[in-house]
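User: I would like to learn how to read the overall form of a chain, and then some of its local features, from a model of this kind. Where should we begin?

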Number of protein chains: 2
Amino acid sequence: MTDAPAKPHRVVIVGAGFGGLETVFGLKGAPVEITLIDRRNHHLFQPLLYQVATASLATSEIAWPIRHVLSDRKDVTTLFANVNGVDAKEKRVRLEDGETIPYDTLVLATGARHAYFGHDEWEPFAPGLKTLEDATTLRRRILVAFERAERETDPQRRAALLTFVIIGAGPTGVELAGTIAELAKHTLPPDFRRIDTQKARVVLIEAGPRVLAGFDENLSAYAQRALEDSGVEVVLGQPVTECTADGVTYGGQQLNARTIIWAAGVRASRAAEWLGAPADRAHRLKVNPDLTVPGHPDVFAVGDTVTIAGPDGNPVPGIAPAAKQEGRYVSKVIKARLNGTTVGPFRYNHSGSLAQIGKRKAIIDFGRIKLRGTIAWWIWGIAHIYFLIGLRHRLSVALSWLWVYARDQRAARLITQGSSKVTG
Amino acid sequence: MTDAPAKPHRVVIVGAGFGGLETVFGLKGAPVEITLIDRRNHHLFQPLLYQVATASLATSEIAWPIRHVLSDRKDVTTLFANVNGVDAKEKRVRLEDGETIPYDTLVLATGARHAYFGHDEWEPFAPGLKTLEDATTLRRRILVAFERAERETDPQRRAALLTFVIIGAGPTGVELAGTIAELAKHTLPPDFRRIDTQKARVVLIEAGPRVLAGFDENLSAYAQRALEDSGVEVVLGQPVTECTADGVTYGGQQLNARTIIWAAGVRASRAAEWLGAPADRAHRLKVNPDLTVPGHPDVFAVGDTVTIAGPDGNPVPGIAPAAKQEGRYVSKVIKARLNGTTVGPFRYNHSGSLAQIGKRKAIIDFGRIKLRGTIAWWIWGIAHIYFLIGLRHRLSVALSWLWVYARDQRAARLITQGSSKVTG
């Protein structure tokens with residue numbers, strides 16, 4: 001700063017997920033001073049979070065310290081802090097501890113959390129999966145359920161402990177159901193003496209008419225068959241009407257289950273509230289075609305916290321590639337403005353959808369090309385390893401997967417946090 | 001059980017650390033029915049726990065699900081439960097949830113926790129390192145201290161955040177001090193913008209006259225020089241008289257430090273209380289020469305929860321090889337009793353002591369052969385990789401270490417558990 005003749009343009013980016021980080025990458029070399037704020041110290045590769053929850057990967061294999069990812073970017077200051085408001089008039093971001101950070105341009109990339117559609121009281125019984133802590137909590141619940149079943153003598157209680165309900169059959173729900181079924185049917189059987197883990201029930205409940213509704217109907221049908229082949233019970237067209245410590249209710253019937261996982265919906269961050277800006281029912285900011293927030297030309301928003309129509313008229317999906325494209329686009333707009341030029345409106349380019357269903361089972365929808373089965377599974381694996389940042393993690397994840405693949409074993413089957421309090 | 005003509009001899013082992021697990025291994029093929037009880041679901045390779053605390057290794061690299069380690073041992077039933085007593089008259093182990101487990105022979109391998117010598121009120125300010133949770137807690141504290149320092153503008157508070165005190169210069173204390181110094185001096189500098197992490201102070205305080213008192217004096221002196229070369233301040237002959245949220249007091253002076261780590265002493269489990277048996281000041285059971293508990297010929301105790309004299313008259317040290325030898329010995333006594341034969345008293349065989357001080361710095365004391373420096377460091381690394389159970393973990397740990405070695409980077413620098421609550 002001391003040798004800069006003019007005061008550089010200050011860009012503040014809130015959130016170091018796919019959208020926020022891509023904005024930072026896109027601004028490399030631009031005459032700006034960047035402050036990146038996140039309440040976590042790590043960037044998380046969310047698409048593989050379910051593999052931490054199901055003990056296939058370790059937390060450090062899908063998360064990287066943000067500072068380290070950006071260690072060679074001397075133009076970026078990373079703050080580990082909780083944002084709780086924006087003062088748009090003064091152009092300052094408010095942190096929870098009272099500090100305020102001034103900006104010339106603000107980028108909100110604050111993501112989403114799971115949402116219970118007015119039933120927040122279900123959260124303790126049906127936790128969702130968005131953070132590393134969520135993943136280790138779910139892993140503990142799943143593994144402890146088997147441990148308790150091993151020590152339970154009452155057949156009904158034992159059956160409830162061995163029943164796993166996943167609510168919502170989007171990619172996360174499908175991937176969780178498929179992996180828990182594998183865990184129960186293939187990984188765990190030799191380790192237990194009193195219970196037969198193969199008898200565990202994995203029930204996937206979906207309110208809509210099919211699984212993976214974002215995919216082509218034929219691929220959905222294949223995914224359902226593949227799940228059923230793996231031992232997952234698929235229940236369609238049934239909204240869950242109650243979640244308690246004992247289980248779930250749907251279609252008027254009660255299913256006793258001690259482990260329930262919520263994968264049915266998300267709600268955007270509070271970014272819309274901070275700005276008093278228009279949002280949809282899921283709290284997503286309705287942004288302008290250049291991804292600025294209406295009424296706030298210096299505030300951009302990207303990723304899961306916004307809603308915008310794609311070229312086909314449908315909303316741009318809440319997936320990593322979309323957030324990255326938005327972040328990259330915003331970096332171009334910021335650079336163009338500094339150069340006194342303009343760029344056209346954001347245009348989402350959908351490159352394809354992938355979902356893993358189980359071992360050697362995946363589906364891929366590239367538009368014209370649709371794949372399923374073993375070849376789709378290999379492409380899914382290679383694509384994900386390719387997207388992981390940093391050589392070491394790619395290698396480590398590849399080794400972990402080869403291990404799971406070859407031996408049906410999962411290295412990360414650790415019950416941590418509060419485990420000592422858990423007995424029988 | 002159904003095809004066994006006579007009721008098999010029931011061996012109950014409490015604790016799946018080095019001693020307990022080695023007892024199980026030694027009983028392979030014996031005509032016994034084994035129940036292994038642990039309040040954790042994993043066996044922990046404690047000698048490398050400090051590397052999890054200092055972000056070099058992931059939790060899953062030094063811990064294995066007990067069930068999985070023993071999945072091919074159909075004679076072993078593993079229970080994930082908390083033991084809270086022994087009814088020696090009825091020959092039953094009491095679990096916290098009320099269940100009791102009958103035994104013919106009982107092996108107590110319940111280990112030790114850190115101890116504050118009558119100052120339990122220090123624990124919140126100076127946590128110790130015995131479990132995976134302890135390690136992730138310490139990792140969080142260390143990493144958060146740097147994060148807070150980056151956001152602190154007051155020079156005194158910033159200095160306190162960048163001061164790390166380790167109390168106790170045994171192997172754990174020395175290894176922690178050396179690794180934190182490396183983290184501050186080599187790994188973190190490029191990642192921070194406002195603070196110079198190289199200015200962090202790492203202070204190792206020891207009440208006794210030298211570091212690593214269990215080693216030869218020359219090796220101790222070398223270790224001290226190596227620590228000081230790495231930037232660790234070594235304070236000897238100074239018992240700590242106070243620990244608070246602000247720092248420590250020793251020799252009448254106050255040192256402001258926001259991170260304090262306790263590595264000064266351990267206390268055995270409650271096994272002696274359960275039996276009302278004689279114990280030393282650190283609650284260690286005083287066992288007979290055949291490792292039975294006095295007055296309880298059917299109860300053995302091994303590992304950190306016992307004290308027994310070695311062949312040189314000194315107590316057998318509380319290290320993994322000693323616990324393993326004791327566990328192996330007990331399995332032999334049990335088998336001999338079942339065969340109607342006897343074995344001589346336990347005789348500890350000390351094969352050597354190893355400690356890592358920093359990158360390319362270690363000391364090894366094999367009795368006649370004493371090594372230090374780079375060659376000792378390589379032997380230390382190879383020995384530890386050799387001792388890790390299971391090929392995959394060896395490979396994974398080796399890769400992690402090579403990465404740290406070649407790049408000065410640490411993959412596991414994740415702040416988890418409660419991180420979202422931490423601001424500024």
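Analyst: We can begin with the radius of gyration, which is taken over C-alpha atoms and set against a globule rule of 2.2 Å times the number of residues to the power 0.38. The model here is predicted, and for the 424 residues of chain A a compact globule would have a radius near 22 Å, which agrees with the 23 Å that chain A has. Along the principal axes, the C-alpha atoms of chain A fill a box of roughly 75 × 50 × 45 Å.

User: Into which domains is chain A divided?

Analyst: Domain bounds come from an automatic or database assignment; here domain 1 takes in 9-39 + 81-114 + 266-339, while domain 2 takes in 120-264 + 359-421, and the centres of these two domains of chain A are separated by 32 Å.

User: How should I read a helix such as α6 of chain B, and is it buried or exposed?

Analyst: The expected span is 1.5 Å times one less than the number of residues, so the 17 residues of α6 in chain B (171-187) should span 24 Å, in agreement with the 22 Å between its end C-alpha atoms. Because 15 of the 17 residues of α6(B) are buried, this helix is largely enclosed by the rest of the structure.

User: And which residues does B:G26 touch?

Analyst: Leaving aside residues up to four places away in sequence, B:G26 touches B:G327, B:R328, B:S331 and B:K332. Although B:G26 and B:S331 are 305 residues apart in sequence, their C-alpha atoms are 5.2 Å apart in space.

Terms used. Residues are numbered from 1 along each chain as its sequence is written. Chains are lettered from A and ligands numbered from 1 in the order in which they are written. This is a predicted model: local features need pLDDT of at least 70, side-chain atom pairs count only at pLDDT 80 or more; totals for chains, interfaces and linings use all residues. Two residues are in contact if their C-beta atoms, placed from the backbone, lie within 7 Å. Helices (H or I, at least four residues) and strands (E, at least two) are DSSP runs, numbered from the N terminus. A residue is buried if 20 or more other C-beta atoms lie within 10 Å of its own, exposed if 12 or fewer, and partly exposed in between; C-beta atoms are placed from the backbone.
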